Amino acid sequence: MKKLLFIFFIIFLNSIFAKQECLQYGVIPYVSAQKIEQSYNKWKSFLEKKTNRCIDINIQSNYGDIINMFANDKLDFAFVGPFSYILTKQHSKVEPIVTGVTSDGYATYKSLLVVTKKVAETLKIKEPL
C-alpha cells in the first residue's frame, strides 16, 4: 500500500507539473539550513530522477511563510502538519495526497483534541480515549 501511494505521488508530480522546469518544495527550518539540505539530498535526487524535474528546496522561516507561498502560487508542494494544512487550505487550493510514515508503518505525527475540564465533565469523559 505504501509503495502504491508513493508511485501515485510520483506520477501525480510528473503529470501535474510537466510544464514547469523545477518543482518548488517548501520546508520550515527545524534545524540549520545546511542540515536541512543534507537531510533532503537523497530524497531530492530520487524525486528528480523519477519526475525528470529539478526540485528547489525553499526553506522558509515558519508555516505562515509556507501558507503565503502557496497562496501566491510560489510553492508546488510541502510537508505540513494537520493544523498547518487546515490553515493552508483556507488560503489556497491544496490537497493532501501522502502522509509520512515511519519504517514500521506508523504516521510520523500525532495530534490530540484537548478540552477543558468543564467540557470533559459535560461530555462525561472520565479518562483520555
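**Exercise 1. In what order do the three strands of the open sheet lie, and is the pairing parallel or antiparallel?**

Before we start, some ground rules. This is a predicted model, so local features need pLDDT of at least 70 and side-chain atom pairs count only at pLDDT 80 or more, while totals for chains, interfaces and linings use all residues. Residues are numbered from 1 along each chain as its sequence is written, and side-chain values use heavy atoms, with hydrogens and water left out.

Step 1. Get the parts list: the chain has five helices and three strands. These are DSSP runs numbered from the N terminus, with helices being H or I of at least four residues and strands being E of at least two.

Step 2. Walk along the sequence, and the pattern reads α-β-α-β-α-β-α-α.

Step 3. Now look at the pairing, where two strands pair if DSSP finds at least two bridges between them. β1 (residues 22–27) and β2 are joined in the parallel sense over six bridges. β1 and β3 also run parallel, with two bridges joining them.

Step 4. Put that together: the order is β2-β1-β3, and the pairing is parallel. β2 (54–59) and β3 (77–78) are the edge strands, each pairing on one side only.

**Exercise 2. Find the bridge partners of Gly26 in β2 and in β3.**

Step 1. On the β2 side, Gly26 is bridged to Asn58.

Step 2. On the β3 side, its partner is Ala78.

Step 3. For another β1–β2 bridge, try Cys22, whose partner in β2 is Cys54.

**Exercise 3. Work out how helix α2 sits relative to the sheet, and give the handedness of the crossover.**

Step 1. Helix α2 (residues 33–51) packs on the sheet and touches β1, β2 and β3. A contact here means heavy atoms within 4.5 Å.

Step 2. The direction of α2 makes about 155° with that of β2. Axes are lines fitted to C-alpha atoms, for helices over the stretch in contact, and angles run from 0 to 180 degrees between N-to-C directions.

Step 3. Trace the chain from β1 through α2 to β2: this β-α-β crossover is right-handed. That label applies if, with the strands pointing away from the viewer, the path from the first strand over the helix to the second runs clockwise.

**Exercise 4. Decide whether β1 is covered on one face or both.**

Step 1. Count first: six of the six residues of β1 are buried. Buried means under 20% relative accessible area, exposed over 50%, and partly exposed in between (1.4 Å probe, protein chains only).

Step 2. Remember that in a regular strand the side chains alternate between the two faces of the sheet.

Step 3. Sort the residues by side: Cys22, Gln24 and Gly26 go on one, Leu23, Tyr25 and Val27 on the other, and all are buried, so both faces of β1 are covered.

Step 4. For the wider view, 26% of the 129 residues of the chain count as buried.

**Exercise 5. Which residues of helix α3 are buried, and what covers them?**

Step 1. In α3 (residues 63–71), pick out Ile66, Ile67, Met69 and Phe70.

Step 2. Seen down the axis of α3, these fall within an arc of 165°, so they line one face of the helix. The arc is that of the directions from the helix axis to the C-beta atoms.

Step 3. Their cover includes β1, β2, β3 and α4 (82–91).

Step 4. Zoom in on Thr88, which belongs to helix α4. At 2% relative accessibility, Thr88 counts as buried. Leaving out residues up to four places away in sequence, Thr88 touches Ile67, Phe70 and Val94.

**Exercise 6. Track down two loop residues with positive phi, Asn52 and Asp73.**

Step 1. As background, most residues other than glycine have a negative phi.

Step 2. Asn52 lies in the loop between α2 and β2. Its phi is near 60°, a positive value in a residue other than glycine. Asn52 is exposed, with a relative accessible area of 63%.

Step 3. Asp73 lies in the loop between α3 and β3. Though not a glycine, Asp73 has a positive phi of about 55°. Asp73 is also exposed, at a relative accessible area of 71%.
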